[in-house]
Amino acid sequence: MKIKICGLFREEDIAYVNKYKPDYIGFVFAASKRQVTKEKAYALKQLLDPDIQAVGVFVNASMTFISEIVQDHIIDLIQLHGQEDEQYIKELKEVVDVPIIKAMRVGKDEMKSYDVDYYLLDGVRPGSGQSFDWSQIQELEHPIFLAGGISEENIQEALKTNVYALDLSSGVEKQGVKNEALIKEVIRSVRNG
Ligand SMILES: O=C(O)c1ccccc1NCC(=O)[C@H](O)[C@H](O)COP(=O)(O)O
């Protein structure tokens, strides 16, 4: 199973992931305590191990903004975490050529089919550390990132869901910032299966 560590915004965060090597990291460009500017993300991307894929997290962002970030090679995948619909996705695919992850809040969003590469199933408050009932995970037509409240405490249960990837943010933070020991531990758990 793959692992994504989301919401990096400090140079230390990049040093931690370069050391323990998750498959993906996330830069949040939406309003959030973890929000990064394009300039900050560019600087952090220069420090990131090129084997780690960078995902840009957007909420109802302008396509011009997203495509500038893709063109500047700041991100390798786009994560749409708002109310982007089929038409938005169709138009976005005309201006960018990187994989797209469509996030859906389980219990809040309609579970629709989208012409994307991956789905991300999240709790109702993204980035809050709040989980949903994982027994509701269904087989979908695209690989699934599972997000929302995953931490070292429930990662063994999360591994049993057999999704494509686990996505963690709050669960690897202490006092609002990423914690090296927690990142090391969850990546070890995923690598050991
Ligand atoms: O992380 C945020 O602050 C955020 C804000 C707005 C939209 C999406 C956001 N995060 C997206 C993610 O992929 C999170 O990693 C995911 O929701 C899991 O978060 P957590 O429950 O804290 O592990």
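This is a short tutorial dialogue on reading the ligand site of a predicted model.

Q: Where does the ligand sit in this structure?

A: A good habit is to begin with the place that holds the ligand. In this predicted model, the ligand sits in the largest pocket.

Q: Which residues come nearest to the ligand?

A: Here we look for residues with a heavy atom within 4 Å of the ligand. There are 22 residues around the ligand, and S32, R34, D122, G149 and S170 come nearest.

Q: How many nonpolar, polar and charged residues does the shell around the ligand have?

A: Sorting a shell by class is a handy next step. This shell has 11 polar residues, seven nonpolar ones and four charged ones.

Q: What polar side-chain atoms lie by an oxygen atom of the ligand?

A: For such pairs, look for N or O atoms within 3.5 Å of each other. R34 has a polar side-chain atom 2.9 Å from a ligand oxygen atom. For D122, a polar side-chain atom lies 2.5 Å from an oxygen atom of the ligand. In D167, a side-chain N or O atom is 2.9 Å from a ligand oxygen.

Q: How much of the ligand's accessible area does the protein cover?

A: Compare the ligand on its own with the ligand in place. Alone, the ligand has 510 Å² of accessible area, and the protein covers 95% of that.

Q: Which strands supply at least two residues of the shell?

A: Try tracing the shell back to the strands. Both β1 (2-6) and β8 (165-168) do this.

Q: What does the UniProt record say about residues 3-187?

A: An annotation can be set beside the model. The unreviewed UniProt entry annotates this span as "domain: N-(5'phosphoribosyl) anthranilate isomerase (PRAI)". In the model, the span is 29% helix and 23% strand, with its end C-alpha atoms 7 Å apart.

Methods: Residues are numbered from 1 along each chain as its sequence is written. This is a predicted model: local features need pLDDT of at least 70, side-chain atom pairs count only at pLDDT 80 or more; totals for chains, interfaces and linings use all residues. Side-chain values use heavy atoms; hydrogens and water are left out. A polar contact is a pair of N or O atoms within 3.5 Å; within protein, one must be able to donate a hydrogen and the other to accept it, and residues adjacent in sequence count only if both atoms are side-chain atoms. Accessible areas come from the Shrake-Rupley method with a 1.4 Å probe; for residues, only the protein chains shown count as cover. On a 1 Å grid over the protein atoms alone, a cavity is a set of points where a 1.4 Å probe fits but cannot get out, and a pocket is an open set with protein on both sides within 12 Å along at least five of seven lines; lining residues have an atom within 4 Å of a point. A molecule sits in a cavity or pocket if more than half of its atoms lie within 2 Å of its grid points. Helices (H or I, at least four residues) and strands (E, at least two) are DSSP runs, numbered from the N terminus. Ala, Val, Leu, Ile, Met, Phe, Trp, Tyr, Cys and Pro count as nonpolar, Asp, Glu, Lys and Arg as charged, and the others, Gly among them, as polar. UniProt positions are given in the numbering used here, feature names are shortened, and annotations may be inferred rather than shown by experiment.
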